[in-house]
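Visitor: I have a chain to look over before my next bench session. Could you walk me through it?

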Amino acid sequence: MVTRNLAKRAGTVRDRLASYEVVLLISGIWFLVQGLRYLFPPLFDTFQTTYGVSNTETGLLFTALLVGYSIVQFPAGTLADRFSEAKMIAAGAAGFAVAALIAASAPTFPTLAGSAVLIGLTTGIHKTVAIPYLSRTYAERKGFAIGVMDTIGQFGGAAAPLFVAVILVSALPWNVAFLTGAAVSAVFAGLFYVRVVRREDPAGIVDDDGDDGDGQDVENDDVQGVENDEGVDVEDDEDVSYREIFFNTKFLLFVLIVMAYTFAWNGFTSFLPLFLIDAKPLADETASLVYSLLFVASLTQTATGWISDRLSQVNIMLSLLSVIVVGLTLILFVDGVWALGGLTLMIGIGFHGFRPVRDAHLMELIPESIRGGTFGIVRTLMTAVGAIGPAAVGYISDVSGYIAAFSFLSAVLAGSVVLIIVMRSV
């Protein structure tokens, strides 16, 4: 009897672990996406020395990456509505492995910028497809699943500056960072293809028990005539078009909020290392360590995602945006590694904690039948606006200094706090 119970318990543990295989593999690929993207900012100083370029030009380099990331969002979403999401995720991972190889061998700055665009295009596929995929696969735990993905993924952002710091200290060529990213990305693309793509059902859904299924048990609740917990009317899937959903006032306000958030996030993350080096000032390696704390704060995402499955998403997002505004304001006026590290961690908690709540809220606002395409449109808008962030911060910092540039970002987020208050009252 004891042996039978132990075997049954062991089988339950294996089944439980298998149920999370999809989210863990998707999270691993998101880790690589974030890692490849955030290899660039810690290398800005190296690029400026190597290629003889300015803050504005390095800002434009990251903007070029984000433009590529932006323009692929809607095509990826619409293709996901029609074809296999899992195949698209695997293809994207294989694509950015190739793009990283090109970046590693770039002989000139324009070539490097071209590789950045390609990295943006190939990495841009992942999240637009992965969020709806996870939302169906883990329908009752979507906030938690998205939080797991974002938490693991953001450690890619934390690992990138640490990896760059190790390379700089070891006097290795900066190209090693991209070569390593290419190799690991290729491995994950293969793993995802073997473990998920080859066993997905005809509908493109792997259920959360780890077995192929018909997908019926992971669909969202009947949405006809239902008003969700944030008070947004969700119409019958069959009657809603891409055009009609953009006439919903709360939906439009929320799109503006996420665009402001993405603009501030991209602007802040792209120039925080140089801000710490030039304005504070910290040594390059110390600045990279402080910068990594921004991504260590991603641990909060699983918690905020879990909480968003139970409490008001709007109130959670309002609190987190307010935390960012306070942190961005204070970091302009403090010095010292401990104070700067603490505020960087505080800002990171706000930025990262907001993300899974944002995505879970979007999944509730968008009807199932147009989820991929609509999510693609939203991500196109927010990443297009966000792509301007690095160039804007680079330009303002060249003309007026970092205090002016970061104060501008704080003002943008303060505006988003106002918008979310308005959205709550509509």
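Some questions and answers on this predicted model follow.

Visitor: How many helices and strands are in the chain?
Guide: This is a predicted model. Helices and strands are both present in the chain. The count is 17 helices and 2 strands.

Visitor: What percentage of the residues is buried?
Guide: The chain has 426 residues. Buried means under 20% relative accessible area. By that cut-off, the buried share is 58%.

Visitor: Which helix gives the largest share of the largest nonpolar core?
Guide: That core holds 127 residues. F40, L112, F178, F192 and F406 touch the most other members. The largest share, 18 residues, comes from helix α11 (residues 249-278).

Visitor: Which residues does F406 touch, leaving out those up to four places away in sequence?
Guide: F406 is among the core residues that touch the most other members. Contact means heavy atoms within 4.5 Å. With sequence neighbors up to four places away left out, F406 touches F268, F271, L272, F275, L332 and V393.

Visitor: Is I307 buried, partly exposed or exposed?
Guide: I307 is found in helix α13 (residues 300-308). Together with W306 and L311, I307 makes a nonpolar surface patch of about 290 Å². Buried is under 20% and exposed is over 50%. I307 has 30% relative accessibility, so I307 counts as partly exposed.

Visitor: How much of the area that the chain exposes do carbon and sulfur atoms supply?
Guide: The chain exposes about 16500 Å². The share from carbon and sulfur atoms is 65%.

Methods. Residues numbered from 1 in each chain as written. Predicted model: local features only at pLDDT ≥ 70, side-chain atom pairs only at ≥ 80, totals over all residues. Heavy atoms only, no water. Patch = residues over 30% accessible without salt bridge, like charges linked within 9 Å, V, L, I, M, F, W, Y side chains within 5 Å. Areas by Shrake-Rupley, 256 points an atom, 1.4 Å probe, with all protein chains shown as cover. Salt bridge = Lys/Arg side-chain N within 4 Å of Asp/Glu carboxyl O. Helix = DSSP H or I, 4+ residues; strand = E, 2+ residues; numbered from the N terminus. Buried < 20%, exposed > 50% of the residue type's maximum accessible area, 1.4 Å probe, protein only. Core = buried A, V, L, I, M, F, W, Y, C linked by side-chain atoms within 4.5 Å.
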